[in-house]
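Please take me through this structure as if I had it open in a viewer, telling me what to select at each stop and what can be found there.

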Protein chains: 4
Amino acid sequence: MKKINIGIIGGTGYTGVELLRLLAAHPAANVLCITSRSEDGRAVSDLYPSLRGFYDLAYQAPTPTLFDECDVVFAATPNGVAMKYAEALYEKGIKLIDFSADFRINEVATWSKWYGMEHACPHLLEKAVYGLPEFNREQLREATLVANPGCYPTAVQLGYMPLLRNDLIETDSLIADCKSGVSGAGKKAAIGSLFTEVSESVKAYAASGHRHQPEIRQGLQEMTTEPLNLVFVPHLMPMIRGIHATLYARLKRNDVDLQTLFEQAYQDEPFVDVMPAGSHPDTRSVRGTNMCRIAVYHLKESNQALVLSVEDNVVKGAAGQAIQNMNIMMGIDETSGLNLPALVP
Amino acid sequence: MKKINIGIIGGTGYTGVELLRLLAAHPAANVLCITSRSEDGRAVSDLYPSLRGFYDLAYQAPTPTLFDECDVVFAATPNGVAMKYAEALYEKGIKLIDFSADFRINEVATWSKWYGMEHACPHLLEKAVYGLPEFNREQLREATLVANPGCYPTAVQLGYMPLLRNDLIETDSLIADCKSGVSGAGKKAAIGSLFTEVSESVKAYAASGHRHQPEIRQGLQEMTTEPLNLVFVPHLMPMIRGIHATLYARLKRNDVDLQTLFEQAYQDEPFVDVMPAGSHPDTRSVRGTNMCRIAVYHLKESNQALVLSVEDNVVKGAAGQAIQNMNIMMGIDETSGLNLPALVP
Amino acid sequence: MKKINIGIIGGTGYTGVELLRLLAAHPAANVLCITSRSEDGRAVSDLYPSLRGFYDLAYQAPTPTLFDECDVVFAATPNGVAMKYAEALYEKGIKLIDFSADFRINEVATWSKWYGMEHACPHLLEKAVYGLPEFNREQLREATLVANPGCYPTAVQLGYMPLLRNDLIETDSLIADCKSGVSGAGKKAAIGSLFTEVSESVKAYAASGHRHQPEIRQGLQEMTTEPLNLVFVPHLMPMIRGIHATLYARLKRNDVDLQTLFEQAYQDEPFVDVMPAGSHPDTRSVRGTNMCRIAVYHLKESNQALVLSVEDNVVKGAAGQAIQNMNIMMGIDETSGLNLPALVP
Amino acid sequence: MKKINIGIIGGTGYTGVELLRLLAAHPAANVLCITSRSEDGRAVSDLYPSLRGFYDLAYQAPTPTLFDECDVVFAATPNGVAMKYAEALYEKGIKLIDFSADFRINEVATWSKWYGMEHACPHLLEKAVYGLPEFNREQLREATLVANPGCYPTAVQLGYMPLLRNDLIETDSLIADCKSGVSGAGKKAAIGSLFTEVSESVKAYAASGHRHQPEIRQGLQEMTTEPLNLVFVPHLMPMIRGIHATLYARLKRNDVDLQTLFEQAYQDEPFVDVMPAGSHPDTRSVRGTNMCRIAVYHLKESNQALVLSVEDNVVKGAAGQAIQNMNIMMGIDETSGLNLPALVP
């Protein structure tokens, strides 16, 4: 198999190490370089002993030509970094898959409002393809610049998509009650993410407005012609990985078999698994994998649709979906490197 | 202080040991006897070393006259047990506070449907007072038989009560997305509650119908004259204690200051704490205590009320509320034995 | 690659599902059948949704000829089961790799004392090869019946082996203080393994004698001519997977560079990783992998050797080592199917 | 009861909030002031919502006369802070109980070597009393300056004390294998204490030398006339609270009933509980309490004593022991405010 030469911008965090873990099992991946200013010169396997024996690679400070030999560059960086690399890569025709939010929001004013900075290259926003393969696969095949979706947005959009595309629900009152593991907060020295602060406890956060709300809303709006309104409340769970999205919507009609609808909608998708009727997918059933598992209920008494959608926020919500996007962009088997069962228990 | 003589039916489980823990700090409590057929003869402090030095008491098999010296009997038993003791105690005028669901549902047919058995003493249902002091305090003062509320019902009812009593929300579409620690499942040898099964994972359960739904619905219905419909989805969290209820409701009006409303509604309540605007109460902030902490949001864009309501399911959701009820029934300070801060971290 | 036909006896527990997870990534594995009396007829992927899409296989009750097409049979059963299958398989020349203790102890009287039953086929004990490849690789190449080592014994033996083989330590006072995740207790409905019982707590168990003690002692004794005595104290940790063995030994000599000794001892081993001097391997660095990571210290003030040895008890301590043994027995690359990085974080 | 006026230096961390939690239940405690430069002006109950309703107190920056009305001052500060306050308080006759290591080590050179700074008032070292009541109660009654013991040192010293005082063990090879929850690292924004880093994992740390080693060694040495050598290896556990010390020692004699010895040694101690023979104390059995629970084994085959000693590192290992010391110093009931059962489960 022809190798894909890969560069990684900023691979010291959790999505970075997960990308390295998954690429170690990818038959075509050839990681050429990985950048970090703070860890310049340090072996990847020194920072992450779990990678000992898999990479003979050290972090290095970025240079203007560092990625010139790459086919694909992943940016596993905080918001506001990838946009500074995007233009140069785009002009060289090097594919960029950005894990951050820099290219996810179509309207630059909305982006600036939620992310608190000026956008470095607003003219590239229209070139960027939103990397949700189940929604956008054809455009991804030709994409040079991909905005990899956020973790919550992936689970929520996949859960609502069949309902919206078939015009089955009232769109003015969607409620997405979401639960995430702590890795969603990244590898940052913050008191709020200490074991002593989050273990044996649950809480909501950003209840009055979270950055993923406009991203989800934009994505859902593209699935319907009706004006759409969404309540999105994220909660922090005492676990490392996993997102559980519990999605509520009022049904417009009473005569549709939601189970069949979902099964048919996703029957050809390699990374969406519609569970048998009556299932309760748990986040561990997708731990370490690129799968999104979904169960759907028709609550007849209240005429609501209830969707339970779980994913590993670090995989389908970040590094795994990025590899899925790479596979599509490079025209190889979409499941390459991603076809492994979850770690249970 | 005059001592209250106390009997406990079935104190080997988690609500039983919590009751003993709390009563150890209660200035008036005098535990006379505690029953268990399976642990007959075993010292309480042998089963629970945490109680060494606090109780010189052994479990014993129940006898017909065992509780005759008691002022109050707590039944910390599975559903279907307390109802077998209720009549005899009631006739002797001994107060019974039942932790189970035996006396929570007014309609015996509904009870039988959800709990799968015949009721042993349906004629006592109308004598039973539902033990939510914030709703029912006056009736509790005179009660002989108290149905201690379920854990979820307590958190949900306290969260919706000010909205319903003031006719502020549409009652046809309440959504209660609830998260519970594993102790809610009790001390039963079940594979589904093993550390290896529930740690590092989150899932919904009983999505198509949970036993607490009719209890919550009945309780909420009593707060409004409008017909009421409720979606209730419980989720299992990887933590021992704690319930987080996330409550959604469409507002009928846009001009009410919900923060002030809640603060006034609960200003005299010793065990409901309305947090400052913008707060996100975490379950650990009530760990080991009888407090229910609540935050309320007005989501203006969608005109929804959002309520975050947290409690310790074993305390305010069980043993603590039972003691609060006992204090009310016995005419002593309602906070006796319950006025301790949470264990943080 | 020529396929290896595989049968599994009793694959409903944690080592069973882990075996299936790992075999799903093994290029030569072809699982023909898997037995369970209690789950007879149930799809493997129904019991373990994490395996959906990987196996089109159902549990079935065992029959006398069920394994006749198999090259290798794994027994992932409680103690006392595999020995009932062993003779028939042995006579048919079908390789058996037993996860249980049935064939680990050379002396049948010792075995019966610790495991509380008669041995079904004591004459096979001398045919069985103890499946610790780092100690026994050559014998394993010819083995038909393999006793896969216990989880604790693997971590402890690999930690002490270089010291014993080089006669560097006093053998009368070895101390192995070991810490294990809860999955070591298996998938059994036991109160002692409930989340509510073991989370947020640590304790020793079997301090006066654990079944793995004679197995470890026998293994270590084979590495030295000196009489050997071992104190082994296991502890239960609030985590799912992982063993951390902390090994103490008095040095006989003061002039040996332990770091170099260990690095050389294991330089050709694919699944033992000697960490750089001063390291503290954490169990997560081997989560889901077949690696044993070791750090060694010379504590000069007390002239002790200290070895820190970590493994995933379900992989190198069970299913992974079993596959490593299968690879050796079948003459294929020893790392087949096992060459994946750990899941971090 | 006469009130004790209390000041707290630096109460924003975990030992600070625990001190406040425990003092809220202390019948004589009257907290006058609490300092923090970083949180100057912030209400204590704003930083710790768990304390809402218990304290009407705000953090304030320290001033020279702030503590003048205090009977007792607790310093819940990092190493190197309390020693700057000690002299002024000492001269005013105000009792100081220091949670840090500033006054624990008798030899100033040893202290400076391990703590990496000059000591601010070495002449006060001989005035300081080491606050382990079970060893030092009489001196504590008269003390003005108390060095509250470290968390590990408390559990280890209480475990070895009966053996050393009765000259039963060889003192040249003590091995203390200790396991601690994450709260021992304090409330500091450190990557190594993130939930994502320490959950689902176990590791040793500071294996080549930990600051508590000289403190433990000094304390143990005072219990014997023999020269004493100690190996101390701490391990980090995925739990918030709790220390489990597993202590090994070679017995000099074979004829002593260790169980009786320990029971008699601690029969009058309110906060040391010798468990029945064969017990395995778990850390949760002391969660939130000032109790140290101990089990002792005579391992006859290897002629070793094995001691299992558990405590809550934040209580008996810090704030609780400090209150115990205050009670002794003030001449009131030693158990005041500390006589509550553990939070189980």
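**A tour of the chain contacts**

Begin by selecting chain B and chain A, across whose interface eight salt bridges are found; keep in mind throughout that this is a predicted model. For one of these salt bridges, pick Arg217(B) together with Glu301(A), where the closest N and O atoms lie 2.4 Å apart. If you then display the polar contacts between chain B and chain A, the count comes to 36 residue pairs, both residues being at pLDDT 80 or more.

Next, colour the side of chain B that touches chain A by its elements: those giving two or more residues to it are β8 (174-180), α7 (195-198), β9 (203-204), β10 (230-236), β11 (243-250), β13 (292-299) and β14 (304-311) of chain B. Among these, β11(B) supplies the largest share, which is four residues. Colouring this side of chain B by residue type instead shows 19 nonpolar, 13 polar and 14 charged residues.

Now select both partners of the contact, to which chain B and chain A bring 46 residues each. Between them, chain B and chain A bury about 3,900 Å², with 55% of that area on carbon and sulfur atoms.

Finally, move to chain C and chain D, where a rotation of 180 degrees, with 0.0 Å of shift along its axis, superposes chain C on chain D with an RMSD of 0.0 Å. The two copies are therefore related as by a two-fold rotation axis. To see where chain C comes nearest to this axis, select Pro238(C), whose C-alpha is 3.2 Å from it. Because 100% of the interface residues of chain C are also interface residues in chain D, the copies meet through the same surface.

Methods
Residues numbered from 1 in each chain as written. Chains lettered and ligands numbered in written order. Predicted model: local features only at pLDDT ≥ 70, side-chain atom pairs only at ≥ 80, totals over all residues. Heavy atoms only, no water. Contact = heavy atoms within 4.5 Å. Buried area = accessible area lost by both parts, 1.4 Å probe. Salt bridge = Lys/Arg side-chain N within 4 Å of Asp/Glu carboxyl O. Polar contact = N/O pair within 3.5 Å; in protein donor to acceptor, adjacent residues only side chain to side chain. Nonpolar A, V, L, I, M, F, W, Y, C, P; charged D, E, K, R; others polar. Least-squares fit on C-alpha atoms with pLDDT ≥ 70 in both.
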